[in-house]
Amino acid sequence: MEMESMASAIGVSVPVLRFLLCFVATIPVSFFHRLVPGGATARHLYAAVTGALLSYISFGFSSNLHFFVPMLISYGSMVVVRKWCGVISFLSAMGYLIGCHVYYMSGDAWKEGGIDATGSLMVITLKVISCAINYNDGLLKEADLRESQKKNRILKLPSLIEYVGYCLCCGSHFAGPVYEIKDYLDWTERKGIWTKSEKGTPSPFLPTLRAILQAGFCMGLYLYLSPSYPLSRFSEPIYQEWGFVKRLTVQYMSGFTARWKYYFIWSISEASIIISGFGFSGWTDSSPPKARWDRAKNVDVLGVEFAKSSVELPLVWNIQVSTWLRHYVYDRLVQKGKKPGFFQLLATQTVSAVWHGLYPGYLIFFVQSALMIAGSRAIYRWQQAVPPTVKKFLMLMNFAYTLLVLNYSCIGFMVLSLHETLAAYGSVYYVGTIIPVALILLGNIIKPKSARSKARKEQ
């Protein structure tokens, strides 16, 4: 009864409240990880047991059974067929995740205020795939590898307890962030940047407090705005009576409002990883040196809301998943000696869409994202080839374009169904689809005469 009254007071269901309590509990659980006696093995065991326990309390016994299916298949492939373990892990883990998406229809549950373990399974899927691919990369010649492959490849098979600890550590499987097993092992064994040095051990408490305060602000703003911009608004008769500008404004505010929920989630995750010590990512070159705590950073709030170009969004939104997609999908689709193109971008966005679920809204959103980025690149190329006065206008144009298309596109991500997505897009005459396509076509017709190679490389 207490859970029901508490859930009712904040406007969520009991399962969601239970999840939120366990999710916030990852912060003290992660803090105590620092104090576990007995060396690395004890810390791996603590990570595995606490992660499984929090999952059990949040989602029930079946959650851990779902997690262990892709975990054990991937680990088994590393033991038995190392040469193909990356491919086997990718197909089996993604396949199982898709099956769970279809069976639980988790997107509909989330829209209606429900919760299940599928979101956590999404994070574990990325972890087990990256681990297997990095173990596979350990067989390849170093000269044939990219810098990210050289950095993350593993030569020795992790023990089962190391592997399970990696997958469930610090409750990061709830909502991320995704991290590399090599970094996890170095942190647990106090190697690499976590080795005691003359610079001392940096304190995580101030960065943790900053992340918690950010989480509180984000949740407060979301709770304040969300009653005014419910997802049901797009199917209400009054919405159709409004003019184009007001409908577009409502779409913008709906997308803006929804993002603060994700900012809250990722801020709590960041606090959890930071307080464990794992969030430490090295020292700055300043004098005196300062500790950096950006390993767990999954979003740059101001970077998203004031992005100058759509190309910047993957660098500031869901940062760790964007990094994973670049390293394990985008880069690996580029043939040696060739430059990436729209195919690699579209394929990466499609994998991201399928990873989120098989709802049409997800697929449309990520295809829209590929168009949005390609359109922004066209503006950027013109930007680099014009006089400074015109360049400022194009910069402002790229900023406005990013705001418009992002908030238009994300409606599909929120409403999910094909009918509701097309109805919402159609209500503003598909402006967020037509503009990117027009820019892509114009970019192929009106090509800049000169562009700085450095700027092209950055894009």
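Biologist: Which backbone oxygen does the side chain of Thr208 reach?

Modeller: In this predicted model, Thr208 is found in helix H11, which spans residues 205–225. A polar contact requires N or O atoms within 3.5 Å, and the side chain of Thr208 comes to 2.7 Å from its partner. That partner is the backbone oxygen of Pro204.

Biologist: Is Thr208 buried or exposed?

Modeller: Leaving aside neighbours within four places in sequence, Thr208 is in contact with Ala271, Ile274 and Ile275. The relative accessibility of Thr208 is 3%. Because buried means under 20% relative accessible area, Thr208 counts as buried.

Biologist: Which domains does the domain assignment give for the protein chain?

Modeller: The assignment places residues 1–194 in one domain and residues 204–299 in another. A further domain covers residues 326–451. In order, these are domain 1, domain 2 and domain 3.

Biologist: How much area is buried between domain 2 and domain 3?

Modeller: The C-alpha centres of domain 2 and domain 3 lie 22 Å apart. Contacts join 14 residues of domain 2 to 16 residues of domain 3. Carbon and sulfur atoms give 68% of the buried area, whose total is about 1300 Å².

Biologist: Which residues of domain 2 lose the most area to domain 3?

Modeller: Three residues together account for 37% of what the domain 2 side buries. They are Leu231, Phe244 and Gln251.

Biologist: How many residue pairs are in polar contact between domain 2 and domain 3?

Modeller: The rule finds zero salt bridges across this interface. Polar contacts, counted with both residues at pLDDT 80 or more, are present between the two domains. Their count is six residue pairs.

Biologist: Which helix gives the most to the side of domain 2 that touches domain 3?

Modeller: By class, that side has nine nonpolar, three polar and two charged residues. The leading helix supplies 11 residues and runs through 244–276. It is helix H13.

Biologist: What is the omega of the peptide bond from Ser287 to Pro288?

Modeller: Most peptide bonds are trans. Pro288 lies in the loop between H13 and helix H14 (301–305). The bond from Ser287 to Pro288 is cis, with omega near 0°.

Biologist: What is the phi of Leu416?

Modeller: Most residues other than glycine have a negative phi. Leu416 sits in the loop between helix H19 (388–415) and helix H20 (418–427), and at 3% relative accessibility Leu416 counts as buried. Its phi is positive, near 75°.

Conventions. Residues numbered from 1 in each chain as written. Predicted model: local features only at pLDDT ≥ 70, side-chain atom pairs only at ≥ 80, totals over all residues. Heavy atoms only, no water. Domains from an automatic or database assignment. Contact = heavy atoms within 4.5 Å. Buried area = accessible area lost by both parts, 1.4 Å probe. Salt bridge = Lys/Arg side-chain N within 4 Å of Asp/Glu carboxyl O. Polar contact = N/O pair within 3.5 Å; in protein donor to acceptor, adjacent residues only side chain to side chain. Helix = DSSP H or I, 4+ residues; strand = E, 2+ residues; numbered from the N terminus. Nonpolar A, V, L, I, M, F, W, Y, C, P; charged D, E, K, R; others polar. Buried < 20%, exposed > 50% of the residue type's maximum accessible area, 1.4 Å probe, protein only.
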